[in-house]
Amino acid sequence: MNSSKENFNNIKVLIIGSGIIGKFNALELSSQGFTTTIVDDSESANSSNAALGMLMGEIYQKRHGRSWELRKESIKMWPKWIKKLNQINPKLYIEKPFIQLTTSEKKFEKLKNFATKNSEGNLQLVYKSSEILHSINKIFGTKKFQGLISYKDGRINPKLLLETVDLYLKKNKVNIQKNKVTAIEKKANKWISILNSGDKLLSDILILCNSNDCLKLIAHKNSKIELQPVLGQAIEIHYENSDVNFLSLPKNFNIDGRNFIPLTENRIIIGSTDEYNIIPKKEKISELIEFLDETPIWLKKNNIHKKWYGIRSKPRGEPSPILKTLDQGLMICSGFYKNGILLAPACASWISKEIKNHI
Ligand SMILES: Cc1cc2nc3c(=O)[nH]c(=O)nc-3n(C[C@H](O)[C@H](O)[C@H](O)COP(=O)(O)OP(=O)(O)OC[C@H]3O[C@@H](n4cnc5c(N)ncnc54)[C@H](O)[C@@H]3O)c2cc1C
(Lines give C-alpha, C1' and ligand atoms only; values in the text may rest on other atoms or scores of the structure.)
Protein backbone atom coordinates (compact mmCIF):
# COMPACT_ATOMS: atom_id res chain seq x y z
CA MET A 1 0.00 0.00 0.00
CA ASN A 2 1.23 3.48 -0.78
CA SER A 3 1.73 5.35 2.47
CA SER A 4 2.25 8.90 1.21
CA LYS A 5 -0.02 11.37 2.95
CA GLU A 6 -1.89 12.34 -0.23
CA ASN A 7 -2.89 8.75 -0.68
CA PHE A 8 -4.30 8.15 2.78
CA ASN A 9 -7.76 8.63 1.31
CA ASN A 10 -7.25 5.37 -0.56
CA ILE A 11 -6.98 3.60 2.77
CA LYS A 12 -10.24 2.53 4.32
CA VAL A 13 -10.32 2.52 8.11
CA LEU A 14 -13.20 0.99 10.03
CA ILE A 15 -13.59 1.83 13.71
CA ILE A 16 -15.89 -0.37 15.78
CA GLY A 17 -17.36 1.59 18.71
CA SER A 18 -18.39 5.20 18.86
CA GLY A 19 -17.45 6.11 22.43
CA ILE A 20 -14.93 8.86 23.12
CA ILE A 21 -12.06 6.57 22.08
CA GLY A 22 -13.58 5.59 18.71
CA LYS A 23 -14.54 9.21 18.05
CA PHE A 24 -11.12 10.70 18.88
CA ASN A 25 -9.41 8.05 16.75
CA ALA A 26 -11.83 8.77 13.88
CA LEU A 27 -11.24 12.51 14.16
CA GLU A 28 -7.47 12.09 14.18
CA LEU A 29 -7.38 9.68 11.24
CA SER A 30 -9.98 11.49 9.12
CA SER A 31 -8.06 14.75 9.69
CA GLN A 32 -5.00 12.98 8.25
CA GLY A 33 -6.99 12.01 5.16
CA PHE A 34 -7.89 8.37 5.89
CA THR A 35 -11.33 7.33 4.61
CA THR A 36 -12.92 6.61 7.95
CA THR A 37 -16.11 4.82 9.00
CA ILE A 38 -17.43 4.27 12.53
CA VAL A 39 -19.97 1.59 13.28
CA ASP A 40 -21.98 1.45 16.51
CA ASP A 41 -25.51 0.30 17.28
CA SER A 42 -26.12 1.69 20.77
CA GLU A 43 -23.93 4.69 21.31
CA SER A 44 -26.28 6.48 23.70
CA ALA A 45 -25.92 3.71 26.30
CA ASN A 46 -22.13 3.67 26.33
CA SER A 47 -19.83 4.62 29.18
CA SER A 48 -18.66 7.83 27.47
CA ASN A 49 -22.21 9.20 27.76
CA ALA A 50 -22.19 8.41 31.50
CA ALA A 51 -18.82 10.05 32.18
CA LEU A 52 -18.37 13.12 34.37
CA GLY A 53 -15.53 14.59 32.34
CA MET A 54 -12.92 14.93 35.09
CA LEU A 55 -9.42 15.24 33.64
CA MET A 56 -7.26 14.02 36.51
CA GLY A 57 -3.80 13.57 35.11
CA GLU A 58 -1.40 15.32 37.48
CA ILE A 59 -3.17 14.46 40.69
CA TYR A 60 -2.87 10.68 40.30
CA GLN A 61 -0.02 9.74 42.58
CA LYS A 62 1.58 7.09 40.39
CA ARG A 63 4.26 9.01 38.53
CA HIS A 64 6.02 6.25 36.64
CA GLY A 65 5.31 3.56 34.07
CA ARG A 66 3.24 3.50 30.93
CA SER A 67 0.03 4.87 32.44
CA TRP A 68 1.88 7.97 33.70
CA GLU A 69 3.45 8.42 30.24
CA LEU A 70 -0.02 8.30 28.65
CA ARG A 71 -1.48 10.70 31.23
CA LYS A 72 1.45 13.06 30.76
CA GLU A 73 0.99 12.96 26.99
CA SER A 74 -2.73 13.62 27.29
CA ILE A 75 -2.25 16.56 29.68
CA LYS A 76 0.11 18.05 27.11
CA MET A 77 -2.21 17.37 24.17
CA TRP A 78 -5.55 18.52 25.59
CA PRO A 79 -4.95 22.25 24.88
CA LYS A 80 -4.25 21.39 21.21
CA TRP A 81 -7.43 19.33 21.00
CA ILE A 82 -9.45 22.13 22.60
CA LYS A 83 -8.01 24.58 20.07
CA LYS A 84 -8.99 22.26 17.22
CA LEU A 85 -12.48 21.61 18.62
CA ASN A 86 -13.00 25.34 19.27
CA GLN A 87 -13.11 25.79 15.49
CA ILE A 88 -16.44 23.97 15.68
CA ASN A 89 -17.58 25.06 19.14
CA PRO A 90 -15.84 28.02 20.82
CA LYS A 91 -17.70 27.25 24.05
CA LEU A 92 -15.75 24.06 24.79
CA TYR A 93 -13.09 24.52 27.49
CA ILE A 94 -11.46 22.82 30.49
CA GLU A 95 -12.64 24.18 33.81
CA LYS A 96 -9.56 24.32 36.08
CA PRO A 97 -8.33 23.74 38.76
CA PHE A 98 -9.28 20.41 40.32
CA ILE A 99 -9.49 20.09 44.10
CA GLN A 100 -8.99 16.78 45.88
CA LEU A 101 -10.13 16.66 49.50
CA THR A 102 -10.10 14.11 52.26
CA THR A 103 -11.36 13.77 55.81
CA SER A 104 -8.59 11.28 56.62
CA GLU A 105 -5.35 12.48 58.28
CA LYS A 106 -3.52 9.49 56.81
CA LYS A 107 -4.60 10.30 53.26
CA PHE A 108 -3.67 13.96 53.78
CA GLU A 109 -0.16 12.93 54.88
CA LYS A 110 0.14 11.00 51.60
CA LEU A 111 -1.04 14.02 49.61
CA LYS A 112 1.50 16.17 51.47
CA ASN A 113 4.35 13.81 50.60
CA PHE A 114 3.17 13.67 47.01
CA ALA A 115 3.01 17.49 46.74
CA THR A 116 6.47 17.87 48.32
CA LYS A 117 8.02 15.35 45.91
CA ASN A 118 6.35 16.97 42.89
CA SER A 119 6.84 20.61 43.64
CA GLU A 120 6.86 21.99 40.07
CA GLY A 121 4.25 24.54 41.06
CA ASN A 122 1.13 22.87 39.70
CA LEU A 123 0.03 21.43 43.03
CA GLN A 124 -0.89 23.35 46.17
CA LEU A 125 -1.83 21.99 49.58
CA VAL A 126 -5.18 22.93 51.07
CA TYR A 127 -5.15 23.14 54.88
CA LYS A 128 -8.22 23.08 57.10
CA SER A 129 -7.91 26.85 57.52
CA SER A 130 -7.69 27.56 53.74
CA GLU A 131 -10.07 30.24 52.48
CA ILE A 132 -10.96 28.03 49.49
CA LEU A 133 -12.76 25.66 51.89
CA HIS A 134 -15.11 28.32 53.23
CA SER A 135 -18.16 27.48 51.08
CA ILE A 136 -17.43 23.72 51.07
CA ASN A 137 -17.28 23.64 54.88
CA LYS A 138 -20.51 25.62 55.10
CA ILE A 139 -22.46 23.45 52.66
CA PHE A 140 -21.11 20.11 53.96
CA GLY A 141 -21.38 21.22 57.60
CA THR A 142 -17.88 20.06 58.60
CA LYS A 143 -14.39 21.46 59.10
CA LYS A 144 -12.59 18.19 58.53
CA PHE A 145 -11.56 18.67 54.90
CA GLN A 146 -8.01 19.20 53.70
CA GLY A 147 -6.30 18.25 50.48
CA LEU A 148 -4.60 19.37 47.32
CA ILE A 149 -5.32 21.68 44.38
CA SER A 150 -4.06 20.65 40.96
CA TYR A 151 -3.87 23.63 38.63
CA LYS A 152 -3.27 21.52 35.52
CA ASP A 153 -6.28 19.22 36.07
CA GLY A 154 -9.92 20.08 35.67
CA ARG A 155 -13.11 19.08 33.92
CA ILE A 156 -14.54 19.17 30.45
CA ASN A 157 -18.28 18.98 29.87
CA PRO A 158 -18.50 15.47 28.36
CA LYS A 159 -21.82 16.01 26.54
CA LEU A 160 -20.54 19.18 24.88
CA LEU A 161 -17.31 17.39 24.03
CA LEU A 162 -19.07 14.44 22.37
CA GLU A 163 -21.48 16.74 20.48
CA THR A 164 -18.59 18.87 19.23
CA VAL A 165 -16.60 15.85 18.08
CA ASP A 166 -19.72 14.60 16.24
CA LEU A 167 -19.95 17.88 14.33
CA TYR A 168 -16.25 17.70 13.46
CA LEU A 169 -16.63 14.11 12.25
CA LYS A 170 -19.45 15.27 9.99
CA LYS A 171 -17.26 18.08 8.67
CA ASN A 172 -14.50 15.51 7.97
CA LYS A 173 -17.07 13.34 6.14
CA VAL A 174 -16.65 10.38 8.49
CA ASN A 175 -19.23 7.76 7.60
CA ILE A 176 -21.23 6.77 10.68
CA GLN A 177 -23.23 3.55 10.54
CA LYS A 178 -25.78 2.53 13.15
CA ASN A 179 -25.19 -1.19 13.30
CA LYS A 180 -23.54 -3.89 15.35
CA VAL A 181 -20.53 -5.90 14.21
CA THR A 182 -21.11 -9.57 14.99
CA ALA A 183 -17.88 -11.05 13.60
CA ILE A 184 -14.65 -10.05 11.89
CA GLU A 185 -12.52 -12.00 9.43
CA LYS A 186 -9.53 -11.40 7.20
CA LYS A 187 -9.39 -12.21 3.50
CA ALA A 188 -6.67 -11.22 1.04
CA ASN A 189 -5.26 -8.51 3.32
CA LYS A 190 -8.67 -6.92 3.80
CA TRP A 191 -10.76 -6.94 6.95
CA ILE A 192 -14.39 -7.96 6.66
CA SER A 193 -16.74 -6.87 9.41
CA ILE A 194 -20.04 -8.72 9.40
CA LEU A 195 -22.95 -6.62 10.58
CA ASN A 196 -26.10 -7.59 12.44
CA SER A 197 -28.06 -6.69 9.31
CA GLY A 198 -26.09 -9.32 7.38
CA ASP A 199 -24.21 -6.67 5.39
CA LYS A 200 -20.42 -6.69 5.29
CA LEU A 201 -18.01 -3.76 5.60
CA LEU A 202 -14.63 -4.05 3.93
CA SER A 203 -11.60 -2.16 5.25
CA ASP A 204 -7.80 -2.08 5.04
CA ILE A 205 -7.52 -1.22 8.72
CA LEU A 206 -9.83 -2.28 11.53
CA ILE A 207 -9.68 -0.62 14.96
CA LEU A 208 -11.57 -2.14 17.87
CA CYS A 209 -12.82 0.60 20.20
CA ASN A 210 -15.79 -1.33 21.50
CA SER A 211 -14.77 -1.64 25.14
CA ASN A 212 -15.68 -4.97 26.82
CA ASP A 213 -17.35 -6.32 23.67
CA CYS A 214 -14.15 -6.43 21.63
CA LEU A 215 -13.44 -9.79 23.28
CA LYS A 216 -16.40 -11.35 21.43
CA LEU A 217 -14.87 -10.32 18.11
CA ILE A 218 -11.36 -11.59 18.86
CA ALA A 219 -12.21 -14.75 20.81
CA HIS A 220 -10.96 -16.89 17.90
CA LYS A 221 -7.59 -15.13 17.93
CA ASN A 222 -6.45 -16.44 21.34
CA SER A 223 -5.26 -12.93 22.10
CA LYS A 224 -4.98 -13.56 25.89
CA ILE A 225 -6.63 -10.18 26.48
CA GLU A 226 -8.97 -10.25 29.46
CA LEU A 227 -11.36 -7.47 30.38
CA GLN A 228 -13.81 -7.15 33.20
CA PRO A 229 -16.83 -4.85 33.26
CA VAL A 230 -16.85 -2.30 36.09
CA LEU A 231 -20.11 -0.44 36.43
CA GLY A 232 -20.15 3.17 37.62
CA GLN A 233 -23.26 4.97 38.87
CA ALA A 234 -23.68 8.72 39.18
CA ILE A 235 -26.48 10.85 40.62
CA GLU A 236 -27.82 14.36 40.43
CA ILE A 237 -29.10 15.98 43.62
CA HIS A 238 -31.82 18.60 43.40
CA TYR A 239 -32.26 20.68 46.56
CA GLU A 240 -34.12 23.98 46.71
CA ASN A 241 -33.35 26.04 49.77
CA SER A 242 -32.00 29.55 50.05
CA ASP A 243 -29.40 28.36 52.63
CA VAL A 244 -27.65 26.17 50.05
CA ASN A 245 -26.22 27.53 46.81
CA PHE A 246 -24.16 24.91 44.99
CA LEU A 247 -22.74 27.60 42.71
CA SER A 248 -20.84 28.99 45.70
CA LEU A 249 -18.76 25.78 45.64
CA PRO A 250 -15.64 25.28 43.48
CA LYS A 251 -16.54 24.20 39.92
CA ASN A 252 -15.33 20.63 40.44
CA PHE A 253 -13.83 18.78 43.37
CA ASN A 254 -13.41 15.34 44.83
CA ILE A 255 -13.96 14.16 48.38
CA ASP A 256 -12.38 10.81 49.23
CA GLY A 257 -12.94 9.44 45.73
CA ARG A 258 -16.33 11.03 44.99
CA ASN A 259 -16.48 13.71 42.31
CA PHE A 260 -18.75 16.74 42.78
CA ILE A 261 -19.87 18.98 39.94
CA PRO A 262 -22.20 21.86 40.83
CA LEU A 263 -24.57 22.52 37.90
CA THR A 264 -26.87 25.27 39.17
CA GLU A 265 -27.72 26.90 42.50
CA ASN A 266 -29.79 23.82 43.42
CA ARG A 267 -28.41 20.95 41.33
CA ILE A 268 -25.15 19.06 41.81
CA ILE A 269 -23.74 15.87 40.23
CA ILE A 270 -21.96 13.23 42.34
CA GLY A 271 -20.17 10.19 40.99
CA SER A 272 -19.20 7.52 40.67
CA THR A 273 -19.35 4.03 42.18
CA ASP A 274 -17.13 1.04 41.33
CA GLU A 275 -19.22 -2.12 40.91
CA TYR A 276 -17.84 -5.36 39.54
CA ASN A 277 -21.18 -6.16 37.98
CA ILE A 278 -23.30 -5.29 34.97
CA ILE A 279 -26.48 -4.49 36.89
CA PRO A 280 -26.50 -1.34 39.06
CA LYS A 281 -27.00 -2.00 42.77
CA LYS A 282 -29.35 0.42 44.57
CA GLU A 283 -27.44 0.14 47.85
CA LYS A 284 -24.20 1.29 46.19
CA ILE A 285 -25.70 4.79 45.84
CA SER A 286 -25.26 5.17 49.62
CA GLU A 287 -21.47 5.25 49.08
CA LEU A 288 -21.90 8.49 47.15
CA ILE A 289 -23.85 10.30 49.86
CA GLU A 290 -23.14 8.72 53.24
CA PHE A 291 -19.50 9.44 53.96
CA LEU A 292 -19.55 12.11 56.67
CA ASP A 293 -20.23 11.63 60.39
CA GLU A 294 -23.34 13.70 59.85
CA THR A 295 -24.93 13.73 56.39
CA PRO A 296 -26.11 17.23 55.44
CA ILE A 297 -29.84 17.42 54.74
CA TRP A 298 -29.38 18.23 51.03
CA LEU A 299 -27.27 15.07 50.59
CA LYS A 300 -30.10 12.71 51.59
CA LYS A 301 -31.49 10.03 49.27
CA ASN A 302 -34.86 11.75 48.84
CA ASN A 303 -33.12 14.63 47.01
CA ILE A 304 -31.79 12.34 44.26
CA HIS A 305 -33.38 13.68 41.13
CA LYS A 306 -31.58 11.62 38.48
CA LYS A 307 -29.43 8.48 38.36
CA TRP A 308 -27.44 6.95 35.54
CA TYR A 309 -24.66 4.49 35.00
CA GLY A 310 -22.12 3.28 32.50
CA ILE A 311 -20.04 0.14 32.15
CA ARG A 312 -16.30 0.62 31.84
CA SER A 313 -13.81 -2.05 30.80
CA LYS A 314 -10.89 -2.91 33.04
CA PRO A 315 -8.00 -5.08 31.84
CA ARG A 316 -7.21 -8.17 33.91
CA GLY A 317 -3.55 -9.03 34.42
CA GLU A 318 -2.21 -5.95 32.64
CA PRO A 319 -2.42 -2.20 33.14
CA SER A 320 -5.13 0.00 31.69
CA PRO A 321 -5.58 0.80 28.81
CA ILE A 322 -4.93 -1.82 26.12
CA LEU A 323 -3.39 -0.30 23.00
CA LYS A 324 -2.14 -3.13 20.82
CA THR A 325 -1.72 -4.48 17.35
CA LEU A 326 -3.37 -7.90 17.11
CA ASP A 327 -2.69 -8.68 13.46
CA GLN A 328 -1.62 -6.83 10.33
CA GLY A 329 -4.25 -4.12 9.94
CA LEU A 330 -5.99 -4.94 13.22
CA MET A 331 -5.57 -2.78 16.34
CA ILE A 332 -7.32 -2.59 19.67
CA CYS A 333 -7.91 0.44 21.93
CA SER A 334 -9.86 -0.80 24.91
CA GLY A 335 -9.77 -1.21 28.70
CA PHE A 336 -9.81 2.52 29.46
CA TYR A 337 -11.53 1.88 32.77
CA LYS A 338 -11.68 5.15 34.76
CA ASN A 339 -10.07 7.76 32.59
CA GLY A 340 -11.01 7.26 28.97
CA ILE A 341 -11.96 10.91 28.55
CA LEU A 342 -8.59 12.03 29.92
CA LEU A 343 -6.64 9.55 27.78
CA ALA A 344 -8.51 9.97 24.47
CA PRO A 345 -5.87 12.38 23.02
CA ALA A 346 -2.97 10.05 23.95
CA CYS A 347 -4.84 7.11 22.40
CA ALA A 348 -5.48 9.01 19.15
CA SER A 349 -1.79 9.89 19.07
CA TRP A 350 -0.84 6.21 19.55
CA ILE A 351 -3.18 5.10 16.76
CA SER A 352 -1.91 7.76 14.37
CA LYS A 353 1.68 6.46 14.85
CA GLU A 354 0.79 2.77 14.95
CA ILE A 355 -1.31 2.87 11.77
CA LYS A 356 1.81 3.81 9.79
CA ASN A 357 3.17 0.31 10.51
CA HIS A 358 0.15 -1.16 8.75
CA ILE A 359 0.07 0.75 5.46
C1 LIG B 1 -20.26 7.09 35.81
C2 LIG B 1 -18.95 7.21 35.07
C3 LIG B 1 -18.16 8.35 35.25
C4 LIG B 1 -16.96 8.48 34.58
N5 LIG B 1 -16.25 9.64 34.74
C6 LIG B 1 -15.09 9.82 34.06
C7 LIG B 1 -14.36 11.03 34.20
O8 LIG B 1 -14.76 11.91 34.97
N9 LIG B 1 -13.21 11.18 33.50
C10 LIG B 1 -12.75 10.21 32.65
O11 LIG B 1 -11.69 10.40 32.02
N12 LIG B 1 -13.42 9.03 32.50
C13 LIG B 1 -14.58 8.83 33.19
N14 LIG B 1 -15.26 7.65 33.06
C15 LIG B 1 -14.66 6.58 32.25
C16 LIG B 1 -14.94 6.83 30.79
O17 LIG B 1 -16.31 7.03 30.63
C18 LIG B 1 -14.47 5.64 29.97
O19 LIG B 1 -13.12 5.36 30.25
C20 LIG B 1 -14.60 5.94 28.47
O21 LIG B 1 -15.89 6.44 28.20
C22 LIG B 1 -14.32 4.71 27.65
O23 LIG B 1 -14.62 5.03 26.32
P24 LIG B 1 -14.70 3.92 25.19
O25 LIG B 1 -14.89 4.66 23.92
O26 LIG B 1 -13.55 2.99 25.35
O27 LIG B 1 -15.99 3.04 25.56
P28 LIG B 1 -17.55 3.33 25.43
O29 LIG B 1 -17.87 4.76 25.62
O30 LIG B 1 -18.23 2.37 26.33
O31 LIG B 1 -17.86 2.99 23.92
C32 LIG B 1 -17.82 1.69 23.40
C33 LIG B 1 -18.81 1.64 22.25
O34 LIG B 1 -18.67 0.41 21.55
C35 LIG B 1 -19.95 0.06 21.03
N36 LIG B 1 -19.95 -1.35 20.66
C37 LIG B 1 -19.75 -2.41 21.48
N38 LIG B 1 -19.78 -3.55 20.77
C39 LIG B 1 -20.02 -3.21 19.49
C40 LIG B 1 -20.16 -3.95 18.29
N41 LIG B 1 -20.03 -5.29 18.29
N42 LIG B 1 -20.43 -3.30 17.14
C43 LIG B 1 -20.55 -1.93 17.14
N44 LIG B 1 -20.39 -1.18 18.24
C45 LIG B 1 -20.13 -1.81 19.40
C46 LIG B 1 -20.89 0.41 22.17
O47 LIG B 1 -22.24 0.56 21.73
C48 LIG B 1 -20.27 1.71 22.69
O49 LIG B 1 -20.90 2.85 22.14
C50 LIG B 1 -16.49 7.46 33.71
C51 LIG B 1 -17.27 6.33 33.52
C52 LIG B 1 -18.48 6.19 34.19
C53 LIG B 1 -19.31 4.97 33.96
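How many residues does helix α2 have, and how far does α2 reach from its first C-alpha to its last? In this predicted model, helix α2 spans residues 65–86, has 22 residues and reaches 32 Å between those two atoms, close to the 32 Å expected at 1.5 Å a residue. The protein is divided into domain 1 (5–89 + 158–226 + 317–358) and domain 2 (97–151 + 228–315). The structure holds 20 salt bridges, and one of them is found across the interface of the two domains. The points below are grouped by topic.

**Helix α2**

- Although the span of α2 is close to the expected value, the helix bends by about 35 degrees at M77. A proline, P79, follows M77 within four residues.
- The buried residues of α2 are S67, W68, L70, R71, S74, I75, M77, W78, W81, I82 and L85. The residue at the bend, M77, is thus listed among the buried positions.
- S74 lies in helix α2 and has a relative accessibility of 0%, so it counts as buried.
- Leaving aside neighbours within four places in sequence, S74 is in contact with L342, L343, A344, P345 and A346.

**Domain arrangement and interface**

- The C-alpha centres of domain 1 and domain 2 lie 30 Å apart. The contact takes 23 residues from domain 1 and 33 residues from domain 2.
- About 2,200 Å² is buried between domain 1 and domain 2, and carbon and sulfur atoms give 61% of this area.
- On the domain 1 side, L52, I59 and Y337 supply 32% of the area buried against domain 2, more than any other three residues.
- The rule finds one salt bridge across the interface of domain 1 and domain 2.

**Salt bridges**

- D274 forms a salt bridge with K338, and their closest N and O atoms are 2.8 Å apart.
- E58 and R63 meet through their side chains in a salt bridge with an N to O distance of 3.3 Å. Both E58 and R63 are buried.
- K190 and D204 form a salt bridge at 2.6 Å, N to O. K190 lies in strand β11 (residues 190–195) and D204 in the loop between β12 (200–203) and β13 (205–208), so this pair ties together parts that are 14 residues apart in sequence.
- The two partners of that bridge are classed as follows: K190 is partly exposed, with a relative accessible area of 33%, whereas D204 counts as buried at 7% relative accessibility.
- E226 and R316 are joined by a salt bridge of 3.8 Å, N to O. This pair links distant parts of the chain, 90 residues apart: E226 is in the loop between α6 (214–218) and β14 (227–238), and R316 is in the loop between β18 (304–315) and β19 (322–327).
- E226 is partly exposed, with a relative accessible area of 41%, and R316 counts as partly exposed at 41% relative accessibility.
- K23, E43 and D166 are joined into one network by salt bridges that share partners.

**Surroundings of L123**

- L123 lies in strand β6 (residues 123–126). With 13% relative accessibility, L123 counts as buried, because buried means under 20% relative accessible area.
- Not counting residues up to four places away in sequence, L123 touches R63, F114, A115, N118, L148, I149 and S150. One of these, R63, is the salt-bridge partner of E58.
- The C-alpha atoms of L123 and I99 are separated by 9.7 Å, and the two residues are 24 residues apart along the chain.

**Backbone features**

- A cis peptide bond joins K96 and P97, with omega about 0 degrees. P97 lies in the loop between β4 (94–95) and β5 (98–102).
- The peptide bond from G271 to S272 is also cis, with omega near -10 degrees. S272 is found in the loop between β17 (267–271) and α7 (286–289).
- K224 is not a glycine, yet it has a positive phi of about 70 degrees. K224 lies in the loop between α6 and β14 and is exposed, with a relative accessible area of 78%.
- D256 likewise is not a glycine and has a positive phi, of about 45 degrees. D256 is found in the loop between β15 (253–255) and β16 (258–264).

Methods
Residues numbered from 1 in each chain as written. Predicted model: local features only at pLDDT ≥ 70, side-chain atom pairs only at ≥ 80, totals over all residues. Heavy atoms only, no water. Expected span 1.5 Å × (residues − 1). Bend = angle between axes of the 7 residues up to and from the residue. Buried < 20%, exposed > 50% of the residue type's maximum accessible area, 1.4 Å probe, protein only. Domains from an automatic or database assignment. Contact = heavy atoms within 4.5 Å. Buried area = accessible area lost by both parts, 1.4 Å probe. Salt bridge = Lys/Arg side-chain N within 4 Å of Asp/Glu carboxyl O.
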